[in-house]
Amino acid sequence: MNDILRILDKEKNGVVRAKIAQMLGLEEAQVDKEIKDLEKNNVIVGYKTLINWDKTDCEVVTALIELRVTPQRGEGFDKIAERIYKYPQVTSLYLMSGAYDLAVTIQGRTMKEVALFVAQKLAPMDSIISTATHFVLKKYKEEGIVFEDDEKDTRQVITL
Amino acid sequence: MIDFDKLVNHTIDNLPPSGIRKFFDVAAEMEDAISLGVGEPDFATPWTIREAGIYSLEKAQTHYTANAGLMELREAICAYNKRKYGVEYDARTEVLVTVGGSEAIDAMIRCVVNPGDEVLIVEPSFVCYKPLTEMAGGVPVIIETKEEDNFRLLPGQLREKLTDKTKLLILPYPNNPTGGVMSKADLEAIAEVLRGTDVLVLSDEIYGELRYDKEGHTAFSAIDGMKERTVVVNGFSKTFAMTGWRLGYALGPAKLIGLMTKVHQYGIMSAPTTAQYAAIEALSNCDRDVEDMRCEYNDRRRYIVDGFRAMGLSCFEPLGAFYVFPCIKSTGMSSQEFCERLLQEEKVAVVPGTAFGDCGEGFIRCSYAYSVENIHEALVRIERFVKKYGNKAQ
């Protein structure tokens, strides 16, 4: 099972089950079953295409927002986190140790749109103490993948 | 006009050019050819190692080191070998840091062979042992290993070739090109034949960290009574994906390492300093990187073996290095012909088994130090080629 995840995790181009089976010396049906189990148990939580939006005509602005939050009795941070991640603009949300509590990633079409979302939706929430918004200027690497990777195979064609 | 044919060294002049140069040149010039022909990792050197090299340059560590190598590196090499293989060496007298494993092999052969001495060379194997033996004035005696023996050296084969002129046995395991390995029990059996003789051993263990079975690699020097007659050659190229850094080492009895250090001192001075600093980082902090690469090679190994078997070729299961050595006898072609036509017709470059000794006839060496996509595409083309000419054994 971990071997399957290891291959899925590093495979940039999507992997077919037959190929995983061949790489691990397993039957395809077994790989299929294990992947279905992993999906059912939420170990594999989803599949996503990583897109470099800078290379498209689409305007995409990403911001990281630090939130300081008052935890609620009996709920801790989970309740407020849920209120936040339900917004489709929120692309990731982490509970952090250190100077602030929640790290939110927001995606929008313009800086104004993102700033307004913070001002109108996040900041007024009851338990939010403060927000700090940082806009992303350039993405170098995401999910282990370098965006402008020009590493080519420069080896000789044949060496002994 | 100078007649160079008369002037030059005849032994070297008469050596065959490495492998089959012409075929390589054709392959190198062919555009959009895909290759399974490379004998080095596709991974870049792990970043932390590259960074250690960069730091050493920033700190202006740009001078010669001690002839035998940086003391800190030699100590790290000893610690690594103790940790991995349970063999202890004295960093002061029993280690020599060389320019790749190849230099260590050359120096070892030169330090023990007197004219007329016989050197036992296991084939198929890497191409350098025979010419280096000849250059040292020795007589190469070939021992041919077989697919049905999993390309292992059998004790009976060794016993048969021993004479009172035998000086040295070269043990090339895990093996390039076959991927064959020797288990601890296999090595014990070889040791048993050598006990009571004065035959020395050069154990080329450059692929030692790339083993895919549970048992893992055993250093020949770890076998009871073998350390005092064995020089182990190892290095950074394959294990840490550092081929271009040119760094290897030899471990062995102080007397032999002392002689090899003389050869190294006069011919080389010292191994590249930047590479030596980077290598300390490799030995100290990169077990995880090596394990990740090994895992990935293993996935590709199973993938490619499966692929060759699925197209009806017999393919020995390699348990070491990063090569497969499928048998192509069923196509009715020689290794050379198979490789030349495969290159012309399907634009796939693989290496004829005969590049590694006459007994490699009927086999091809394919490297799996490539992405699975690349391997997949090569397999598709090879299958089409094999089908076209009929699998005559079927």
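This passage describes the overall form of chain A and one helix of chain B in a predicted model.

Chain A contains five helices and six strands. Their order along the sequence is α-α-α-β-α-β-β-α-β-β-β, a pattern that begins with three helices and ends with three strands. The C-alpha trace of this chain spans about 65 × 40 × 30 Å along its principal axes. The radius of gyration of chain A is 21 Å, whereas a compact globule of 160 residues would have a value near 15 Å. Of the 160 residues in chain A, 12% are buried. When contacts between residues at least 6 apart in the sequence of chain A are considered, 53% of them join residues at least 24 apart.

In chain B, attention is given to helix α5(B), which comprises residues 71-85. This helix has 15 residues, and the distance from its first C-alpha to its last is 21 Å. That span is close to the 21 Å expected at 1.5 Å a residue. The buried residues of α5(B) are Leu73(B), Arg74(B), Ala76(B), Ile77(B), Cys78(B), Asn81(B) and Tyr85(B). Among the elements of chain B that cover these buried residues are two strands, β2 (95-98) and β8 (248-251), and one helix, α11 (273-285). Immediately after α5(B) comes Gly86(B), which adopts a positive phi of about 70 degrees.

How values were computed
Residues numbered from 1 in each chain as written. Chains lettered and ligands numbered in written order. Predicted model: local features only at pLDDT ≥ 70, side-chain atom pairs only at ≥ 80, totals over all residues. Helix = DSSP H or I, 4+ residues; strand = E, 2+ residues; numbered from the N terminus. Rg over C-alpha atoms; globule rule 2.2 N^0.38 Å. Buried ≥ 20, exposed ≤ 12 C-beta atoms within 10 Å, placed from the backbone. Contact = placed C-beta atoms within 7 Å. Expected span 1.5 Å × (residues − 1).
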